[in-house]
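Student: I would like to take a close look at one part of this model with you. Could you walk me through a charged pair and what surrounds the topic?

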Amino acid sequence: MADSQKLGTFKAVKCPAEELSLTNAVIVNEQDFQGINHIYVNPSPHASFLFTVLGNPRIASGQMGFNAQHRKWAGIMLNAELAVRRATLNPRKDCVGSIVLEMDFWSKKAQQGLTLDSDKLAAEFSMSFGNRAFTVGEPLVFQFDKKLYSLNVKSIEVIDMTLVNAQGQLTGKPKVAQYGVLSGNSGIIFEKMEGSLLNFSGKAKGKSTHQSIINPDWDFTKLGIGGLDTEFTGIFRRAFASRVFPPEIIEQLGMKHVRGILLFGPPGTGKTLMARQIGKMLNAREPKIVNGPEILDKYVGESEANIRKLFAAAEEEEKRCGAASGLHIIIFDEIDAICKTRGSVAGNTAVHDTVVNMLLTKLDGHDQLNNILVIGMTNRKDMIDEALTRPGRMEVQMEIGLPNEHGRVQILNIHTQTMREHEKLGDDVDIAELASLSKNFSGAEIEGLVRAAQSTAMNRLIKATSKVEVDADAVEKLKITRADFMHALQHDCKPAFGSSKQELDKYLSSGILTWGESVSRVLQDGDMVISQIKTSDQTSLITMLLEGPPGAGKTALAAKIAQRSDLPFTKLCTPENMIGYTEPAKCQEIKKIFDDAYKSPISCIVMDDIERLLDYVNVGPRFSNLVLQALLVLLKKLPPKGHKLLIIGTTSRKDVLQDFDMLPLFKSIAHVSAVSTSEQLIHVLDSTDAFTDAELDLIKKKTSNKRLFIGIKTLLTTIEMSRQMDSGERGEKLVCLLEDLGAIEF
């Protein structure tokens, strides 16, 4: 700190003239401060402020004139008695190496987009305030080009000019300081104050600062958004990275900002949640969030007017401020409601078409806006007019898909955080386990899982007799346990996307009976293709066909292989789910299954009874050519880069698929045999515990040396029929049933 000595007490008054206020010095009587350039003023015993003094005959002895800026900064009241000390500053040791000044218009009413030459500003400032002392945080008033501006000292670095070596070279290094004395060689840097519409040009002593629109404190987890780290990183990289840089850099690159983003994906994956929270992520104006249907109006021209109103504020600021304009964000939720492909909506009013045209014009029309970002969200990207998604409009299209296991852990942590904070979550709850068990769950479905577990836990405390009573003593001790989550997973919550687990379980209700080498071989082949699809870097598509006679258990084996694969997306494409479908509708349903599979990193599709999917019959119209052509394309279509697909088909008519040129599309073909020997039959019967030893001996005697041919599915049904007989009579009945079915050849 500079040396100081007490000079006495002086009375604070206003500056005697406006031009003296612009000096940013304390105006004093020359007789009171002879030979003194800098002083400390103490408005209170614990506050001290450094000022430069300027003598003037207009001020009376014993008085000190302060401008309004300095009085406010130092908390100086008019007519107050101030203790003053002399400040001994050395202009060479306390020399300002560089000073950073924040700048804005003096009058807020005069604000407008304006670019100033920072080189001229620095020269004017240096000439006006040479040898003046400045303090960090000190407010200043500055006149430039006949206009008044407000300045604030942001930072100061000083250099000790007395430190030189034998060659006369300066060895002192700049260091941050609280105060310093301005010299003719000081670097003067101008920055605009936050929210200011000023901009600077020039290279030597000025720079234009540009506030990052991304809030440095944002955290997806704190905002309640989990599992979308990669997607949101991509969004900010494409849409906001260019806006982090100063406008002059963008102009030098000849670059235009991204004006539109389209987020699409299944329901419940977090698109609308992001819309609600995006304002907290950005240092921008509050986003305008609009539901698509709200734009439409029954009166002619009103829908287009609603679009114009959304962009009006951005247009006005763009005209007024130019490159200094802030970012205006408009978020359209369910944008497909207003931006359907033109000409696709029935009726002759063409309201949808004109709304799309208006939005296209605002995004990239004659009067382009560079200060807007439109974010559209939809579950139906296929319905959006293609002109809206071209570069220059909504050129960034980001799929918000189902969360992976790491994402599900994040989402579960978000929705259980409050329970953990209040010790309501059981110690046996393993978030990682729940994430593993909740495959194909969207973010909304995971939230529903947590609610279902909470409901299950609360239900334990409710006694439903003639009236509903709550066990008040146990309420305070309520905890959500692992059992509650398991109950919710089993009974209450099923993923809507990407899983046919219940349908597969239906085919495996009786389990898989390994009655012979044929079954073991098929399962072994299935394990091989599963390993290949999971581990091979060279394979993105594997097709496997299980063929054999009707009732041989092909569907059950395909379901077992799919279950063993444990892939995140497993879907069953079966004729029974398409009964009554027209040919185009069936093609659309099959294509949707494949499109959904492409969204998952690794998927499995079971195509059951392919000849039935093709509507194949022996007589009359033989098959559906439309469905056949669709399958021929889909079976050989490679999934998108980075995605893998396993297709397991079943058929009882291998010859038909050969005639349709479909058989070569399956790279692995496994034959599922029927039960064909007495030993195989006895093995199946023995495993069911339905027959006595005497009955088994009878069946073996009557089937030995005879050729059998019966599918395992048909055989198990026949065995259940035999169970209806009394014990001791079942063996004879089974043989009769098999003979009637023609399964035993004499």
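Student: Is Asp527 buried, partly exposed or exposed, by its relative accessibility?

Tutor: Happy to help! First, a word on the source: this is a predicted model, in which local features need pLDDT of at least 70 and side-chain atom pairs count only at pLDDT 80 or more, while totals for chains, interfaces and linings use all residues. Residues are numbered from 1 along each chain as its sequence is written, and side-chain values use heavy atoms, with hydrogens and water left out.

Now to your residue. Asp527 counts as partly exposed, at 35% relative accessibility; buried means under 20% relative accessible area, exposed over 50%, and partly exposed in between, with a 1.4 Å probe and protein chains only. The side chain of Asp527 meets that of Arg564 in a salt bridge, 2.9 Å from N to O. The term stands for a side-chain nitrogen of Lys or Arg within 4 Å of a carboxyl oxygen of Asp or Glu. Asp527 belongs to helix α17 and Arg564 to helix α18 (residues 554–565), so the bridge ties together parts that are 37 residues apart in sequence. Helices here are DSSP runs (H or I, at least four residues), as are strands (E, at least two), numbered from the N terminus. Arg564 is also partly exposed, at 37% relative accessibility.

Helix α17 has another role in the picture. The largest nonpolar core has 46 residues, and Leu546, Leu685 and Leu715 have the most contacts inside it. Helix α17 (residues 517–535) gives the largest share of this core, six residues. Such a core is a set of buried Ala, Val, Leu, Ile, Met, Phe, Trp, Tyr and Cys residues joined through side-chain atoms within 4.5 Å. Beyond its neighbours within four places in sequence, Leu685 is in contact (heavy atoms within 4.5 Å) with Ala690, Phe691, Leu696, Ile699, Ile719 and Leu734.

For context, the structure holds 12 salt bridges. One of them joins Glu191 and Lys154, with the closest N and O atoms 2.9 Å apart. Glu191 sits in strand β14 (residues 187–192) and Lys154 in strand β11 (residues 147–159), so this pair, too, links parts 37 residues apart in sequence. Glu191 counts as buried, at 7% relative accessibility, whereas Lys154 is partly exposed, at 41%. Another salt bridge, 3.4 Å from N to O, is formed by Glu447 and Arg451. These two are four residues apart in helix α13 (residues 443–459), and therefore separated by about one helical turn.
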